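The following note is offered for a colleague at the bench. Please read the numbered points with the sequence and the model at hand.

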Amino acid sequence: MRRSTRSRSLFRRAATVAATIMVLPGAADAGMIRVAPPFEDVSYADIVVIGRVENYRIVRDQAWRDRMLSSPGLSAEERERYQDPERQILSDYARFDVQVDEVVVGQAAETLAVTWHNSTFGVPDQLPQGRYLIALRRPGAPDPPLRGPSGTVFPAPDPDALVLLQAPCSSPFLYQIGSDEARTILEILEAEEK
């Protein structure tokens, strides 16, 4: 079935607006509400570990940038944004390894490969060193439900890497050990074991 010319035009305009929002500085946060996760969402995790994040890096989605740059209606400003390899767009993601000190839930190797698309908020350029409580799910496993008015969900970029657990529009399950959040999650998991 072919779309009408009007439908195609509306679709193109909506895609351009969405793509522009994805690269504007701070736009991913503009008008969006970040919601604290219900810590019970940890039940969506396949694996929960305590460990250290290593080799943290941002993976640029060059394919998306190239698709956008091939758009004939792209303004000079938009073109500049997509050409800037240092500018993060929403389809970029983080990749890191976890050196596991302790397995809290599930089974895990000593080192885990992890990817993280941070819902609608982008990913930080770096993470502070230290030990973290980290909840992970397997690619394709169900996400927790939407925790805000809207969210962007991307498929797992690597079928062989675990995915950091995060409900759309909420915080990821990546908490420094000793934080109130990590203690609360550990208490929830202990209660579930009983």
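1. A salt bridge here is a side-chain nitrogen of Lys or Arg within 4 Å of a carboxyl oxygen of Asp or Glu. One such contact joins the side chains of Asp-92 and Arg-65, at 2.8 Å from N to O. Asp-92 belongs to the loop between α3 (76–83) and β2, and Arg-65 to helix α2 (residues 62–69), so this salt bridge ties together parts that are 27 residues apart in sequence. Both Asp-92 and Arg-65 are buried, where buried means under 20% relative accessible area, exposed over 50%, and partly exposed in between (1.4 Å probe, protein chains only).

2. On the basis of the work: this is a predicted model, in which local features need pLDDT of at least 70 and side-chain atom pairs count only at pLDDT 80 or more, while totals for chains, interfaces and linings use all residues. Residues are numbered from 1 along each chain as its sequence is written, and side-chain values use heavy atoms, with hydrogens and water left out.

3. How many salt bridges does a search of the whole structure find? The search finds nine. Salt bridges that share partners join Arg-52, Glu-54, Asp-101 and Arg-131 into one network. Within this network, Arg-52 meets Glu-54 with the closest N and O atoms 3.4 Å apart, and Arg-52 meets Asp-101 at 3.1 Å, N to O. Arg-52 lies in strand β1 and Asp-101 in strand β2, so their salt bridge ties together parts that are 49 residues apart in sequence.

4. The accessibility of these side chains deserves attention. Arg-52 is partly exposed, with a relative accessible area of 33%. Glu-54 is partly exposed at 31%, and Asp-101 is partly exposed at 37%.

5. The strands come next. Helices (H or I, at least four residues) and strands (E, at least two) are DSSP runs, numbered from the N terminus, and two strands pair if DSSP finds at least two bridges between them. Strand β1 (residues 47–59) runs antiparallel to strand β2 (residues 93–105), and ten bridges join them. In this pairing, Val-53 stands opposite Val-98 and Ile-58 stands opposite Ala-94.

6. Which strand besides β2 pairs with β1? Strand β4 (residues 131–137) does, in the antiparallel sense and over six bridges. Here Arg-52 stands opposite Arg-131 in β4; both residues belong to the salt-bridge network described above.

7. Strand β2 is also joined to strand β3 (residues 111–116) by six bridges, again antiparallel. Arg-95 stands opposite Thr-115 in β3. The hairpin of β2 and β3 has five residues between the strands, and Gly-106 takes a positive phi near 85°.

8. Aromatic contacts form a separate topic. Rings of Phe, Tyr and Trp (its six-membered ring) pair if their centres lie within 6.5 Å; planes under 30 degrees apart count as stacked, over 60 as edge-to-face and the rest as tilted. By this rule there are three aromatic pairs. Phe-39 and Tyr-175 form an edge-to-face pair, 6.0 Å centre to centre with 80° between the planes. Phe-39 lies in the loop between α1 (5–23) and β1, and Tyr-175 in strand β6 (residues 174–176), so the pair ties together parts that are 136 residues apart in sequence.

9. Phe-173 and Tyr-175 form an edge-to-face pair as well, at 6.2 Å centre to centre and 85° between the planes. Ring pairs thus link Phe-39, Phe-173 and Tyr-175 into a cluster. Phe-173 counts as buried because its relative accessibility is 1%, and Tyr-175 counts as buried at 10%. Phe-39 is likewise buried.
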